[in-house]
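Got your viewer open and a selection box ready? Let's take a walk through this protein, one stop at a time.

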Amino acid sequence: MKEEFVLQMENELEKIGINLTPCQMEKFFHYYRMLIEKNKVMNLTAITEEREVVTKHFVDSLSLVQVFPSLMEEGQKISMMDVGTGAGFPGIPLAIAFPEHRVTLLDSLNKRVKFLREVSGELCLDKVEAIHGRAEDFGRDLHYREKYDFCVSRAVANLAVLAEYCLPFVKVGGIFAAYKSGDVDKEVEEAINAVQILGGRMDRVYSFVLPGTEIKRSFVVIRKERVLAKKYPRKAGIPGKEHL
């Protein structure tokens with residue numbers, strides 16, 4: 001089974017320009033085993049079949065390099081916040097593949113955060129921090145507010161809502177990249193006002209198909225241009241009920 005896992009990872013990652021060391025491949029396999037084992041006692045993912053986990057979780061998470069190949073450059077030390085990380089996607093795969101970057105994983109469910117801390121410890125991901133709480137609360141915390149080069153999210157939420165969750169973490173000049181499925185044109189158009197209010201600018205939408213599938217994915221890239229007004233993000237729960 002492990003040989004099949006490694007072969008699939010190698011084949012699919014080659015298509016997006018990523019080469020992993022044997023040690024990194026071992027970490028991905030260990031992560032997969034931990035994910036499946038923990039999923040027996042708590043809801044982490046509906047995707048559990050090995051081939052699907054590789055494509056739809058691991059390769060999808062790492063596809064960010066198609067938009068930002070600088071993530072692979074030696075000597076780069078990027079700080080990244082993953083909002084609504086769930087079972088650790090995309091943050092854990094990015095941390096395994098690019099261990100020089102600092103990755104913070106934020107989730108609102110403490111059981112998931114405990115699992116992510118177990119994974120980080122087992123895989124010796126010493127630049128990964130997993131924190132429990134709401135994005136709206138941490139976005140007001142000066143230890144985290146406007147401290148990151150990148151914010152990423154695969155959370156299932158409207159882009160206008162995600163912008164208020166994520167842009168507060170991004171430094172001026174930094175990037176928020178939202179992982180999205182299917183056609184995102186209408187969602188992008190409806191989020192433009194919120195993005196501008198939050199100090200950002202729509203940069204581009206990068207669309208692609210996951211290797212070996214017909215699954216359409218997109219990255220919506222938003223650039224932070226101005227310091228965020230103090231009143232944002234609004235109190236926990238408000239962005240999800242009424243986006244800007």
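One word before we set off: a contact, or a touch, means heavy atoms within 4.5 Å. You're looking at a predicted model, where local features need pLDDT of at least 70, side-chain atom pairs count only at pLDDT 80 or more, and totals for chains, interfaces and linings use all residues. Residues are numbered from 1 along each chain as its sequence is written, and side-chain values use heavy atoms, with hydrogens and water left out.

**Stop 1: histidine 57 and its helix**

Select histidine 57, which sits in helix H3. (Helices, H or I with at least four residues, and strands, E with at least two, are DSSP runs numbered from the N terminus.) Now show what histidine 57 touches: leaving out residues up to four places away in sequence, you should find Thr45, Ile47, Glu52, Phe89 and Arg154. Is histidine 57 buried or exposed? Its relative accessibility is 8%, so it counts as buried. The cut-offs are under 20% relative accessible area for buried, over 50% for exposed and partly exposed in between, using a 1.4 Å probe and protein chains only.

Widen the selection to H3 as a whole, residues 50–62. Its 13 residues reach 17 Å from first C-alpha to last, close to the 18 Å expected at 1.5 Å a residue. That expected span is 1.5 Å times one less than the number of residues. H3 is mostly covered, with 10 of its 13 residues buried; among them are Glu50, Asp60 and Phe58. What do the buried residues of H3 pack against? Colour H1, H2, H4, E5, strand E6 (200–209) and strand E7 (216–224) to see.

**Stop 2: leucine 13**

Next, pick leucine 13 in helix H1. It is buried, with a relative accessible area of 2%. Leaving out residues up to four places away in sequence, leucine 13 touches Ile18, Leu20, Val59 and Leu62. Those last two also appear among the buried residues of H3. Try a distance too: from leucine 13 to glutamate 214 is 201 residues along the chain, while their C-alpha atoms are separated by 16 Å.

**Stop 3: helix H2 and the cores**

Select H2, residues 22–39. H2 has 18 residues and reaches 26 Å from its first C-alpha to its last, close to the 26 Å expected. Its buried residues include Phe28, Phe29, Tyr31, Tyr32 and Leu35. Helices H1, H3, H4 (91–97) and H5 (110–122) are included in what covers the buried residues of H2.

Here is a term for the next selection: a nonpolar core is a set of buried Ala, Val, Leu, Ile, Met, Phe, Trp, Tyr and Cys residues joined through side-chain atoms within 4.5 Å. How many residues has the largest nonpolar core? It has 55, and those with the most contacts inside it are Phe5, Met9, Phe58, Leu62, Leu64, Phe68 and Ile92. H2 gives the largest share of this core, 7 residues. A second, separate core has 32 residues, including Leu162, Ala163, Tyr165 and Tyr232.

Zoom in on isoleucine 92: not counting residues up to four places away in sequence, its contacts are Tyr31, Leu105, Leu116, Val119, Ser120, Leu125 and Val128.

**Stop 4: backbone oddities**

Now show the backbone. The peptide bond from phenylalanine 89 to proline 90 is cis, with omega near 10°; proline 90 lies in the loop between strand E1 (79–83) and H4. Another cis bond runs from tyrosine 232 to proline 233, with omega near -5°. Look for proline 233 in the loop between E7 and helix H9 (238–241).

Cysteine 124 is not a glycine, but its phi is positive, near 55°. You'll find it in the loop between H5 and strand E3 (128–132), and it is exposed, with a relative accessible area of 59%.

**Last stop: the lining of the largest pocket**

Select Gly84, Thr85, Arg154, Ala155 and Val156, which lie nearest the centre of the largest pocket among its 33 lining residues. (On a 1 Å grid over the protein atoms alone, a cavity is a set of points where a 1.4 Å probe fits but cannot get out, and a pocket is an open set with protein on both sides within 12 Å along at least five of seven lines; lining residues have an atom within 4 Å of a point.) H3 and strand E2 (102–107) are among the elements giving two or more residues to this lining.
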